Amino acid sequence: MSTLETEIKRRRTFAIISHPDAGKTTLTEKFLLYGGAIAQAGAVKGKKTARHATSDWMEIEKQRGISVTSSVMQFQYNNYCINILDTPGHQDFSEDTYRTLMAADSAVMVIDASKGVENQTRKLFKVCVMRHIPIFTFINKMDRDSRNPFDLMEQIESELGIQTYPVNWPIGSGKEFKGVYVRDKQSIISFTPESEMAFGKHKVAMEEVSLDDPSLDDVLGEQLHETLSEDIELLDGASYEFDLEKVRNGELSPVFFGSALTNFGVEPFLESFLEMTTSPTARNSTAGLIDPFDPEFSAFVFKIQANMNKAHRDRLTFMRVCSGKFDKEMDVLHVQGGKKMRLSQPQQMMASEREIIDEAYAGDIIGVFDPGIFSIGDTVCSPKKNFEFESIPTFAPEHFMRVRQKDTLKRKQFVKGITQIAQEGAIQIFQEPDTGMEEAIVGVVGVLQLEVFEYRMKNEYNVELFKEGLPYSYIRWIDSKDIDPKSLKLSSDTKLVVDFRGNYLLLFSSEWNIRWALEKNEGLELSEFNRGALQ
Ligand code: G4P
């Protein structure tokens, strides 16, 4: 096998998603610990704080103690090269979060065992489903009282519309938590309070266990033994069978129970996950599917982080390598800009450090300094090629604000500011049809984005804004080609707007209004994502 093939085959690039507090940071940290990438717990969180100090406009984050940006980390484990894409939750939830999922080949969903599926998970999950990427579920905090595991399975299946396959099954929870039964190996990995926090100490306690063996009563207690036997019988009889093909198509989610904080179930999860998930997969483009093993380099931009260093006014642009090998000395073609260039200071996050890199392979994420030439979705490839990757969908904003500059003499800065910030993908801008650029409607997925936008307009472009919150929370792209948007019958609290590509959209204040518009306008077709056509 060539080096290129070996390197790409050992890569695993996944996003980790959860509702805030489910344990995503803790689990990520444990992955890094097992991979030897960090020496102690707390390093990841510690880094988050350190990073705050280095970026000015992120002052807002610091004040609120949360992180606006999603980060990327690479580490090695058992000869796998793993790229984790973190997706922020909570108020800092933004379009960035969605876009990160476009760069991943699979997703790990962390669920709090006492809470089940929560709102943020649901939103992110929709994107995973749209992309048909494999989804692995880690049900965390089993050392705390949990909900009934069957209820949790049922909830994942009904709310997220995916089948589940529990790879292991919990024996009790909270104070009664005894560990898990591993279904295919018929073994028990035991959890004891003494082993709590002892890193890597949870070993398989019993191999090839027969659940009929009465001596299990001594180990688990009569009650838990009985429940486990009944549960497993029920699972074997009634649940979905394991099917790797379905896992890889995102139809069946392997489920693992564990407790990230106490290291319980983390390593077995990591091992199974790495085996079951795929190495980098082919991506669609104007030249058809691009094979990751194609030796010619290609990548697309999925995230732009502004003004990491205010003095230089530059931005850090993140690209997902989709094929071949990147070498820092190589010339690349920025397809949308039509220019040959070298990428400046290509870097990767290695666990908690940012490092300049010499090379990267399909599956990797690289960050490059960008004086403002790249936009979200752009393709960068070897000059021998010339194609564009399928564009990244635009996700529906849920918060809207009308803005204009306070000082009318600052019109130029106003237009420059909103255009550049929109180009980075930090906001979406819309206008009412037939109006000029004196004012704009700004739409965002997470409310914190509006604050960041306002702060940046003032600090980077020196523009103070008049702003007016708008009562809309739903946006729909008009898909029907043969309808004149201006002649649509709309209720008084629905607004027609245009995006910067000239597409017409509708802003609604309620789902009721959406139904009303569909009923009153025959042939009207609306969609929640602007998938962006292949050009
Ligand atoms: P997030 O990134 O998904 O937001 O969650 P994070 O890992 O920060 O975890 C949220 C809280 O849940 C943390 O407690 C963390 O210690 C705790 N936690 C994570 N995994 C487990 C687990 O398996 N069992 C138990 N019992 N707790 C768990 P915190 O007090 O909010 O934060 P900290 O002060 O411990 O950092």
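Here are three short exercises, with worked solutions, on a predicted model.

**Exercise 1.** Find which residues come nearest to the ligand, and what kinds of residue surround the ligand.

*Solution.* Start with the shell: 17 residues lie around the ligand, and Asp21, Lys24, Thr25, Thr26 and Asp143 come nearest. Next, sort the shell by type: four residues are nonpolar, seven polar and six charged. Then look at where they sit: helix H2 (residues 24–34) gives the most to the shell, with three residues.

**Exercise 2.** Work out how oxygen atoms of the ligand meet Thr25, Ala260 and Ala22.

*Solution.* Begin with Thr25, where a side-chain N or O atom is 2.3 Å from an oxygen atom of the ligand. Move on to Ala260: a polar backbone atom there is 3.1 Å from a ligand oxygen. For Ala22, a backbone N or O atom lies 3.3 Å from an oxygen atom of the ligand. Finally, consider the surface: the ligand taken alone exposes 700 Å², and the protein buries 69% of that.

**Exercise 3.** Decide whether Glu5 and Lys9 are buried or partly exposed, and describe how they pair.

*Solution.* First, the pairing: Glu5 and Lys9 form a salt bridge, their closest N and O atoms 3.3 Å apart. Both belong to helix H1 (residues 3–9) and are four residues apart, about one turn of the helix. Now the exposure: buried means under 20% relative accessible area and exposed means over 50%. Glu5 has 29% relative accessibility, so Glu5 counts as partly exposed. Lys9 has 39%, so Lys9 is partly exposed too. For contrast, try Glu7 and Arg11: they also form a salt bridge, at 2.7 Å, but both are buried.

Methods
Residues numbered from 1 in each chain as written. Predicted model: local features only at pLDDT ≥ 70, side-chain atom pairs only at ≥ 80, totals over all residues. Heavy atoms only, no water. Near = heavy atom within 4 Å. Polar contact = N/O pair within 3.5 Å; in protein donor to acceptor, adjacent residues only side chain to side chain. Areas by Shrake-Rupley, 256 points an atom, 1.4 Å probe, with all protein chains shown as cover. Helix = DSSP H or I, 4+ residues; strand = E, 2+ residues; numbered from the N terminus. Nonpolar A, V, L, I, M, F, W, Y, C, P; charged D, E, K, R; others polar. Salt bridge = Lys/Arg side-chain N within 4 Å of Asp/Glu carboxyl O. Buried < 20%, exposed > 50% of the residue type's maximum accessible area, 1.4 Å probe, protein only.
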